[in-house]
Amino acid sequence: MAINPALIKAYARLGQKGAAAGIGMMELAKQDPDMRIVVADSVAIASLDRFYANYPERVINVGISEQNMVGVAAGIASEDRRVVYACTYAEFLVTRALEFVRQNLAYHQFNVKLVGNSAGFAMETLAVSHWATEDIAFIRALPNMTILSAADSLSAIKCIQAAHDILGPVYVRLSGLLNCPIVYEKDFDFQYGRAITLREGSDVTIIATGMMVRESLDAAELLALRGIDCCVVDMHTIKPLDTACLDKAFNLCRLVVSVEEHSIIGGLGGAIAEYKADKNLAPCLVRIGVEDHFCKLGDLRYCWEQHGLTASQIADRIAKEIK
């Protein structure tokens, strides 16, 4: 798949969901004629309009029935280990269908790729019922699950394509809105389980995932003006963690910071803390994420501001902690 800067800008306009479905899945369909997609409610919600127009026989819509969607996907995947993508809102895909994910996918290890779109606060004023801020924690606790989290639209395409080649169930977490901020300005090598260092630094290592990767890069620029040198890592694979990357961060830096648009309980920060506890590594770990309360409804950035997730807030928190 040829990628150039002009295409990357086009992908960004589509948002993570649009790029993943309209570009990533379309490319996979050309390579894998047995691939199937199951959706809950409508193809439009999953941004699969283009896919459906070209491959209508490969899309199954089960209606507003997320539990049934996972069961149907597992049944199809049981035939010759074929790859099946199950796509809908992250909040409904994970919390409403969690028992089915556990019993049908994690236990049987069927080749189903769960695509949770509009994670975090992307659903904005639809509020708590549509916000997915605990999804990583739920999925991470299940055996045999891989979790991928896209930093931008190009990364979303890479996650979708990587998921296809991973044997067993995968959860792909997509977040943000249309006009997704760009992190990767050119093509890059994506290997699941291998974090990507986007900026080198010796004082602080910021380990971010999802939409917080861009915010963390911007925070690092602000901190550089204060004389604080930050390394920024895109931890696109939350399970399994890149422990070699973590070892390097804890051995070289004065402070390690996790940043995620997800609860500080059970997400990326929780996973890093668990690893650190077992290793008894020395530097302090600061977890920045969704605090343990529901915030007031509003647009995306308003929700971020309430949890200290904007670049300036991240920079202020790190500057305070490093003292």
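**Figure 1. R82 and its partner E79 in the predicted model.** At a relative accessibility of 18%, R82 counts as buried, because the limit for that class is under 20%. In this predicted model, the side chain of R82 meets that of E79 in a salt bridge, with 3.8 Å from N to O. E79, in contrast to its buried partner, counts as partly exposed, its relative accessibility being 43%. Side chains of opposite charge can pair when their charged atoms come close.

**Figure 2. The salt bridge between R96 and E66.** R96 forms a salt bridge with E66, and the closest N and O atoms of the pair are 3.1 Å apart. The two residues belong to distant parts of the chain, R96 to helix α4 (residues 90–96) and E66 to helix α3 (residues 66–77), with their positions 30 residues apart in sequence. R96 is partly exposed at 39% relative accessibility, whereas E66, with a relative accessible area of 4%, is buried.

**Figure 3. The salt bridge between E221 and R199.** The side chains of E221 and R199 meet in a salt bridge, for which the N to O distance is 2.8 Å. Because E221 lies in helix α8 (residues 212–224) and R199 in strand β7 (residues 196–199), the pair ties together parts of the chain that are 22 residues apart in sequence. E221 counts as partly exposed, at 46% relative accessibility. A search of the whole structure finds 13 salt bridges, and the pair of E221 and R199 shown here is a salt bridge between a helix and a strand.

**Figure 4. The surroundings of V101 in helix α5.** V101 has its place in helix α5, which spans residues 98–106, and V101 counts as buried because its relative accessibility is 0%. Residues up to four places away in sequence being left out, V101 touches V70, L93, A106, L114, I139, L142 and M145. For orientation along the chain, V101 and M25 are 76 residues apart in sequence, and their C-alpha atoms are 21 Å apart in space.

**Figure 5. T237 at strand β10, and the cis peptide bond before P240.** T237 is placed in strand β10, which covers residues 237–239, and T237 counts as buried, with a relative accessibility of 1%. When neighbours within four places in sequence are set aside, T237 is in contact with I147, L148, Y192 and G193. The C-alpha atoms of T237 and I157, which are 80 residues apart along the chain, are separated by 14 Å. A cis peptide bond, with omega of about 5°, joins K239 and P240, and P240 lies in the loop between β10 and α9 (243–252). Most peptide bonds are trans.

**Figure 6. Two loop residues with positive phi, Q109 and N179.** Q109, a residue other than glycine, has a positive phi near 60° and is found in the loop between α5 and β4 (112–119). N179, likewise a residue other than glycine, has a positive phi near 55°, and N179 is found in the loop between β6 (170–175) and β7. Most residues other than glycine have a negative phi. Q109 counts as partly exposed at 37% relative accessibility, while N179, at 54% relative accessibility, counts as exposed.

**Figure 7. K9 in helix α1, with the whole chain as context.** K9 lies in helix α1 (residues 5–31), and K9 is exposed, with a relative accessible area of 52%. The C-alpha atoms of K9 and L154 are 9.2 Å apart in space, although these residues are 145 residues apart in sequence. The protein chain around this view contains twelve helices and twelve strands, and of its 323 residues 60% count as buried. Among the contacts of the protein chain with a separation of 6 or more, 77% are accounted for by residues 24 or more positions apart. The radius of gyration of the protein chain, 19 Å, agrees with the value near 20 Å for a compact globule with 323 residues, and the C-alpha atoms fill a box of roughly 60 × 40 × 40 Å along the principal axes. The accessible surface of the protein chain comes to about 13000 Å², and 50% of this surface belongs to carbon and sulfur atoms. Among its side chains, 31 are positive and 38 negative, the centres of the two sets lying 2 Å apart.

Terms used: Residues are numbered from 1 along each chain as its sequence is written. This is a predicted model: local features need pLDDT of at least 70, side-chain atom pairs count only at pLDDT 80 or more; totals for chains, interfaces and linings use all residues. Side-chain values use heavy atoms; hydrogens and water are left out. Helices (H or I, at least four residues) and strands (E, at least two) are DSSP runs, numbered from the N terminus. Buried means under 20% relative accessible area, exposed over 50%, partly exposed in between (1.4 Å probe, protein chains only). Contact means heavy atoms within 4.5 Å. A salt bridge is a side-chain nitrogen of Lys or Arg within 4 Å of a carboxyl oxygen of Asp or Glu. The radius of gyration is taken over C-alpha atoms; the globule rule is 2.2 Å times the number of residues to the power 0.38. Accessible areas come from the Shrake-Rupley method with a 1.4 Å probe; for residues, only the protein chains shown count as cover. Lys and Arg count as positive and Asp and Glu as negative; His and the chain ends are not counted. The place of a charge is taken as NZ of Lys, CZ of Arg, CG of Asp or CD of Glu.
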